[in-house]
Amino acid sequence: MTFQNPRIRVREARPEDRDDVIRVFYAAFDDDVMHQLMHPNGISEDDKQGFGDRTFVKAQPGKRGQPKLFVAEYFSPETHPTFDPETYPDDGSGEIVAFAKWTFHTEPRTDEEWQAEQFSAEHFGDGCDLAVVDAFIGGLNGKQKESAKGEAALFLGILGCDPKRQRLGAGSALVKFGADIADSLNLPCRLEASPMGYSVYKRLGYEALDALDMKVTETWGVKPEGRYWGANNAVDVCGPVPEGVHRTVIMRRPPKV
Ligand SMILES: CC(C)(COP(=O)(O)OP(=O)(O)OC[C@H]1O[C@@H](n2cnc3c(N)ncnc32)[C@H](O)[C@@H]1OP(=O)(O)O)[C@@H](O)C(=O)NCCC(=O)NCCS
């Protein structure tokens, strides 16, 4: 795995990155079984714009939990043959290959505050199977909430990399970018690791705490063909993954590891 590819640069997202972020998101999760079960009718233009609206949220002064969106640009040898990471200007000419959506909770929440936070599947849109969204995203939300208990932390909500540009180090660069900010604030980071994301996070100092095991084959009759379902992930902490189960791991990275 490439930890630091000099041709990858991370920066805060700008409004003009919206279409690229939408493109990367749906490409990254296209063959993910939970994504497919949540979108049984495929992805409509409304779904895409709804995702864009939820993702490109302006900072709201005074509100707990500030959204932060970062993108990774790739300056390929074909398009930028003389690219020099030290001197090349931040002109947005790189290809957006990955993004990370964070929520910065820089202050702890009281028990009353975090317990009162409710997950709602509704805003995922009409085209979604809301029962699956509730079981999966709601389930992850509940586990993360119980684990974090309102602690101040940087939460990584979504990480996605264009499948055409995976294994170039863009995902790791985005995770490390967030971890460096967390370290500067002396805060931990938290996330829910997909089967593919797990080893990236583990290598960057995240520790497994808990897991959400979805009985996909038993519940929806889908067999584990194609993308990895996480059979080897966090087995030491959360136990073996039964056949036909998709595992997502609740992880935390302590500050300054
Ligand atoms: C997880 C993900 C963001 C990693 O992005 P990336 O830019 O390829 O990551 P890096 O290049 O920094 O790291 C590469 C590591 O990612 C994982 N990875 C990347 N592409 C992969 C692929 N096609 N198949 C399996 N694992 C893959 C591997 O662990 C790989 O390490 P390795 O090369 O030593 O096996 C990307 O694979 C992705 O978007 N996956 C689909 C969406 C997803 O699961 N996101 C995470 C949500 S928590």
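A residue counts as buried here if 20 or more other C-beta atoms lie within 10 Å of its own, and as exposed if there are 12 or fewer. That cut-off comes up in the first two views of this predicted model.

**View 1. A234, a buried alanine with a positive phi.** Here's the loop that links α8 (216–220) to α9 (235–238), with A234 sitting in it. Phi of A234 is about 55 degrees, even though the residue isn't a glycine. A234 has 22 C-beta neighbours inside 10 Å, so it makes the cut as buried.

**View 2. R167, an exposed arginine with a positive phi.** This time we're in the loop between β4 and α6, where R167 is found. R167 is another non-glycine with a positive phi, near 65 degrees. Just 12 other C-beta atoms lie within 10 Å of R167, so it goes down as exposed.

**View 3. The ligand and its shell.** Count 21 residues around the ligand, with Q166, G171, S172, S194 and G197 the closest. Four helices and strands each put in at least two shell residues: α1, β4, α6 (170–184) and α7 (198–203). Sorted by class, the shell holds eleven nonpolar residues, nine polar ones and one charged one.

**View 4. The open, seven-stranded sheet.** Reading across, the strands go β1-β2-β3-β4-β5-β7-β6, and the pairing is mixed. β1 (8–12) and β6 (207–215) each have a single partner strand, so one side of each has no neighbour in the sheet. On average, and ignoring direction, neighbouring strands are turned by 25 degrees against each other.

**View 5. β2 against β3, with α1 packed on the sheet.** Strands β2 (residues 66–74) and β3 (residues 95–105) run antiparallel and are joined by nine bridges. One to pick out is F70, whose bridge partner in β3 is A100. Helix α1 (residues 18–29) packs on this sheet and touches β2, β3 and β4 (153–161). The direction of α1 makes about 90 degrees with that of β3.

**View 6. Stepping back to the whole protein, with its nine helices and seven strands.** The radius of gyration is 18 Å, close to the 18 Å that the globule rule gives for 257 residues, so the protein is as compact as a globular protein of that length. Along its principal axes, the C-alpha trace spans about 55 × 40 × 40 Å. Of the 257 residues, 33% count as buried. Take the contacts between residues at least 6 apart in sequence, and 82% of them join residues at least 24 apart.

Notes. Residues numbered from 1 in each chain as written. Predicted model: local features only at pLDDT ≥ 70, side-chain atom pairs only at ≥ 80, totals over all residues. Pairing = 2+ DSSP bridges. Axes fitted to C-alpha atoms, helices over the stretch in contact; angles between N-to-C directions. Contact = placed C-beta atoms within 7 Å. Near = placed C-beta within 6 Å. Nonpolar A, V, L, I, M, F, W, Y, C, P; charged D, E, K, R; others polar. Rg over C-alpha atoms; globule rule 2.2 N^0.38 Å.
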